[in-house]
Structures are given as C-alpha cells and as structure tokens.
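I opened the model to look at its packing, its cysteines and its confidence scores. My notes follow in the order I took them.

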Amino acid sequence: MSLHKEINFETEVCEHLAAHGWFYAEGDAAHYDRALALYPADVLAWAQQAQPKAWEALTQNHGNQAGDVLLARLREQLNTRGTLDVLRHGVEMIGLKQKLPLAQFKPALAMNPDILTRYDANRLRIIRQVRYSVQNENCLDLVLFLNGLPVATVELKTDFTQCVADAVDQYRFDRLPRSKGHAAEPLLLFPSGALVHFAVSNSEVQMTTKLAGQGTMFLPFNKGDDGAAGNPPNPKGGHRTAYLWEEVWARESWLEILGRYLVTEKDSKKQIKSVIFPRYHQLDATRKVLADVYAAGAGGKYLIQHSAGSGKTNSIA
C-alpha cells in the first residue's frame with residue numbers, strides 16, 4: 001500500500017511539471033548514463049539547438065564523434081570544476097574560440113532576442129526511478145536535470161506509513177557518494193554531481209547540498225506554519241509540500257535559483273568546500289524585497305527577520 005501511494009506521489013509531481021514546461025516521459029530513465037551522470041540526449045540537443053555554430057565547429061573537427069567528445073569533456077570538467085561552475089560558465093573545447101555554454105540564465109538587465117532564444121531553449125527534465133549507481137541497482141525516486149546535467153535528486157515518502165525523516169535516513173545510509181572499497185557514484189559526489197538533494201514527504205521538506213553518509217546534515221526547506229515549524233495546510237487541499245514543485249521548481253523560478261542564488265564557498269587551497277542553496281524563507285524574503293525594489297525604486301529600508309541561526313546574513317547578502 002505504501003509503495004502504491006509513493007508511486008502516485010511521484011506521478012503527481014511529474015505530471016504537474018510536465019504540464020508546466022518540463023520534459024517528462026515514461027522510460028526516460030533507460031537513457032540516463034550512470035558512468036557520466038548525464039542525460040546525453042539533452043546535452044546534445046541543447047548544444048545543437050542553442051549553440052548551432054559551436055556544434056557545427058565541433059562536428060567539423062570531430063565528425064561523428066563530436067557528441068562523445070563533448071560528453072567526455074563535460075564529465076572531465078564537472079570533475080575538475082564542479083557542477084555549478086560548469087553550468088554557469090560553460091566548458092572550453094578544442095576547435096572552439098569561446099567556451100561552450102551549458103545553460104542560458106536571465107541577465108540582470110533586459111534580454112536581447114538571441115539571449116531570449118537561448119533561454120527558451122533550456123531543457124528542464126524530471127526523470128523518475130533513476131538507477132544511478134555504477135556499483136548496484138540502487139534507485140532514486142526523482143532526478144532533475146538542466147540541459148542534461150543533474151541538478152537535484154529527490155527521495156519521496158508518503159505520510160501514510162513514513163515521514164520525511166525516513167527519506168533523510170535513506171540518503172544517509174543508502175545513498176552513499178563513495179562506499180568503502182568501491183568507486184565513487186558520480187551523481188552523488190560533491191561538488192561534481194547533483195547540486196542539491198531533497199527529502200520530501202506530503203507535509204515536510206528537508207535538503208542538503210553535500211552527501212556524506214551518516215554525517216550528512218539536512219536543513220529544513222519548509223514555509224513555516226504560523227510561526228511554528230513545518231508547513232501550513234495547502235489552501236487548495238493538496239499536499240502541504242506542493243509549493244516545492246508548483247512554486248520552487250516552476251521553470252522561471254528554478255532557472256533563477258540555479259543561475260543566481262546558489263553560492264560556493266572555497267577553502268584556503270581554493271577547493272570548493274560547500275555550496276549554499278537558499279532555504280525557503282531566504283528565497284521568499286529576497287524575492288519579496290526585490291519585487292518591492294522593482295515596484296517602488298531603490299533607496300528603501302527593509303527588515304530581514306529570521307530566527308537565530310537561520311541564515312539572516314546570507315539573506316541580506
């Protein structure tokens with residue numbers, strides 16, 4: 001019964017996104033490349049549609065191997081620089097005068113027609129039941145992609161028999177980025193795999209940007225319930241966590257988050273030590289402030305009010 005309800009939960013999320021600008025089809029998981037941790041068809045479709053001159057140059061240099069060369073180079077760059085930097089700044093390729101962009105985000109100022117065309121060409125895809133492991137047949141409930149690059153993973157639990165803590169434990173104990181004596185799992189490895197991992201139930205959401213086995217730290221990604229923890233009842237009568245796929249993962253919102261809101265922190269050796277993904281209240285606060293600034297103009301004063309230790313400094317920054 002619980003498995004049946006979880007499948008229905010998956011279906012509801014996927015069908016909503018499919019109706020709102022995301023790619024989704026039964027059987028997509030079969031085309032996921034475990035070793036590369038990429039969805040190759042979307043990487044190549046993005047390059048061909050959004051960067052036709054660059055793709056033409058690649059095919060002139062590499063012929064029928066252009067796709068394989070691009071995918072191999074992309075994986076190497078992800079391993080070296082991390083997913084966020086590659087998404088935002090593209091990759092250098094032999095035969096290209098400029099970096100090949102892997103996504104088009106909205107600039108701060110008005111877009112020209114070429115940028116708008118590339119922005120519209122972004123391919124957001126959700127895939128369910130992804131067998132991600134190069135070691136076994138472990139399966140993630142959902143994986144979210146942008147132009148073939150994995151940006152988020154999701155474990156779903158229904159409140160009928162489980163809770164969000166069970167999804168958290170599944171990540172901590174069963175979704176290991178590197179098991180002792182085994183090769184790393186590219187999709188789960190930090191910082192070259194998915195950017196964020198969501199544990200989701202009907203009533204609560206938690207997230208982390210770095211899987212580290214039992215020591216993984218998850219943070220709430222809830223709206224709050226009248227000053228208390230958790231989420232308020234859904235005014236539409238659905239899941240309390242529906243804001244995640246209806247609002248946060250909405251096409252414009254999700255692209256903005258990936259393009260502007262994530263921040264990397266580096267250590268003294270300039271290696272990425274953490275990625276900051278905004279919590280819901282931080283995202284909500286900054287978007288409300290920006291909306292007011294656009295409406296009322298610059299020069300206003302704002303009070304950012306969060307509870308202790310919940311990220312006021314990052315919200316203000």
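**Core.** I am working from a predicted model. I began with the largest nonpolar core, which has 65 residues. Which of its residues touch the most other members? I found F198, F221, W249 and W254 in that role. I then noted a second, separate core of 19 residues, with Y132, A167, Y171 and L188 among them.

**W249.** I listed what W249 touches, leaving out residues up to four places away in sequence. The list reads V13, L17, W22, L144, V154, F198, L244 and W254. Two of the names, F198 and W254, I had already written down for the largest core.

**Helix α9.** W254 took me to α9, where this residue is buried. The helix covers residues 251–261, and I noted it as mostly covered, with eight of its eleven residues buried. Besides W254, the buried residues are R251, S253, L255, I257, L258, G259 and Y261.

**Cysteines.** I looked for disulfides and counted zero. Why does C14 not form one? The closest cysteine sulfur, in C139, is 12 Å from the sulfur of C14, which is too far for a bond, since a disulfide needs the two sulfurs within 2.5 Å. I also checked whether C14 is buried or exposed. C14 is buried, at 0% relative accessible area. C163, by contrast, is partly exposed, at 35% relative accessibility.

**Confidence.** I read a chain average pLDDT of 91, with 91% of the residues scoring at least 70. Over residues 308–313 the pLDDT is below 50. Beyond near neighbours in sequence, I found nine contacts for this stretch in the model.

Terms used. Residues numbered from 1 in each chain as written. Predicted model: local features only at pLDDT ≥ 70, side-chain atom pairs only at ≥ 80, totals over all residues. Heavy atoms only, no water. Buried < 20%, exposed > 50% of the residue type's maximum accessible area, 1.4 Å probe, protein only. Helix = DSSP H or I, 4+ residues; strand = E, 2+ residues; numbered from the N terminus. pLDDT = per-residue confidence, 0-100. Contact = heavy atoms within 4.5 Å. Core = buried A, V, L, I, M, F, W, Y, C linked by side-chain atoms within 4.5 Å.
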